[in-house]
Amino acid sequence: MRSLASIVLAFESVVLALVTPVMISIADVRPAVAVPTCLGLFVLALLAAGLLRFQAGYVLGSVVQVGAVGLGFVVPVMFLLGLAFAAFWVAAIVLGRRIEAAKKAHEQLSSAAPTTSRES
């Protein structure tokens with residue numbers, strides 16, 4: 001689950017960094033507002049990716065998703081991108097849990113299966 005979620009956050013951090021000049025040049029947002037907002041979300045996404053071994057990483061990652069969708073009020077295309085990354089985030093968590101459960105079941109089956117030794 002961690003690897004899928006970290007991939008989503010890594011790609012999202014790139015998008016969040018690239019939204020900064022779009023906010024300044026196209027949406028006419030002052031740099032004093034755009035830079036801390038976008039680069040703050042960028043840093044939070046990277047921090048969340050690093051903290052994914054703890055529950056706080058997933059909470060922080062979810063906060064980043066809300067922030068990315070919220071940027072859509074300034075740059076409308078971020079509604080689409082933010083929702084896409086939020087969907088990837090949810091999918092990473094759901095699929096990650098399924099993969100971990102399948103691995104655990106496979107390990108239990110492997111450890112419970114009787115081992116046979118071949119003697120000649």
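Which residues of helix α4 are buried? The legends below take up this question and others, for a model that is predicted.

**View 1. The buried residues of helix α4 in the predicted model.** In α4, the buried residues are M78, G82, F85, A86, W89, A92, I93 and G96, and what covers them includes helices α1 and α3. An α-helix has 3.6 residues a turn, so residues three or four places apart point the same way. The helix itself has 36 residues and reaches 52 Å from its first C-alpha to its last, which is close to the 52 Å expected at 1.5 Å a residue.

**View 2. M78 of helix α4 and its surroundings.** M78 is found in helix α4 and counts as buried, because its relative accessibility is 2%, where the cut-off for buried is under 20%. When its neighbours within four places in sequence are left aside, M78 is in contact with V15, L16, V19, A68, V69, L71, G72 and L83. One of these residues, V19, lies 59 residues from M78 in sequence, yet the two are 8.5 Å apart in space, C-alpha to C-alpha.

**View 3. Helix α1 along its length and its buried residues.** The 24 residues of α1 should span 34 Å at 1.5 Å a residue, and its end C-alpha atoms are 35 Å apart, which agrees. Within this helix the residues A5, V8, L9, E12, S13, L16, V19, T20 and M23 are buried, with E12 included in that list alongside nonpolar residues such as A5 and V8. What covers the buried residues of α1 includes α2, α3 (55–70) and α4 (77–112).

**View 4. The packing of helix α1 against helix α2.** Helix α1 (residues 2–25) and helix α2 (residues 31–50) pack at an angle of about 175 degrees, with their axes 8 Å apart, and that angle makes α1 roughly antiparallel to α2. On the α1 side the contact is made by S6, L9, S13, L16, A17, V19, T20, M23 and I24, while on the α2 side it is made by P31, A34, V35, C38, L39, L41, F42, A45, L46, A48 and A49. By residue type, the contact of α1 with α2 divides into 17 nonpolar, three polar and no charged residues.

**View 5. S13 within the contact of α1 with α2.** S13 is found in helix α1 and, at 3% relative accessibility, counts as buried. Leaving aside neighbours within four places in sequence, S13 is in contact with F42, A45 and L46, and these three residues are among those that α2 brings to its contact with α1.

**View 6. D28 in the loop between α1 and α2.** Is D28 buried or exposed? At 66% relative accessibility D28 counts as exposed, and its place is in the loop between α1 and α2. The phi angle of D28 is near 55 degrees, a positive value in a residue other than glycine.

**View 7. R2 of helix α1 and Y58 of helix α3.** R2 is found in helix α1 and is partly exposed, with a relative accessible area of 45%, whereas Y58, found in helix α3, is buried, with a relative accessible area of 11%. Not counting residues up to four places away in sequence, R2 touches L52, R53 and Y58, and on the same basis Y58 touches M1, R2, A5, L52, W89 and I93. R2 and E100 are 98 residues apart in sequence and 10 Å apart in space, C-alpha to C-alpha. Y58 and I93 are 35 residues apart in sequence and 8.9 Å apart in space, again from C-alpha to C-alpha.

**View 8. The stretches annotated as transmembrane region.** According to the UniProt record, an unreviewed entry, the annotation "transmembrane region" covers residues 33–54 and 66–95. In the predicted model, the chain over residues 33–54 is 82% helix and 0% strand, and the end C-alpha atoms of this stretch are 31 Å apart. Over residues 66–95 the chain is 80% helix and 0% strand, with end C-alpha atoms 20 Å apart.

How values were computed. Residues numbered from 1 in each chain as written. Predicted model: local features only at pLDDT ≥ 70, side-chain atom pairs only at ≥ 80, totals over all residues. Heavy atoms only, no water. Axes fitted to C-alpha atoms, helices over the stretch in contact; angles between N-to-C directions. Helix = DSSP H or I, 4+ residues; strand = E, 2+ residues; numbered from the N terminus. Parallel < 35°, antiparallel > 145°, perpendicular 65-115°, else oblique. Contact = heavy atoms within 4.5 Å. UniProt positions renumbered as here; feature names shortened; annotations may be inferred. Expected span 1.5 Å × (residues − 1). Buried < 20%, exposed > 50% of the residue type's maximum accessible area, 1.4 Å probe, protein only.
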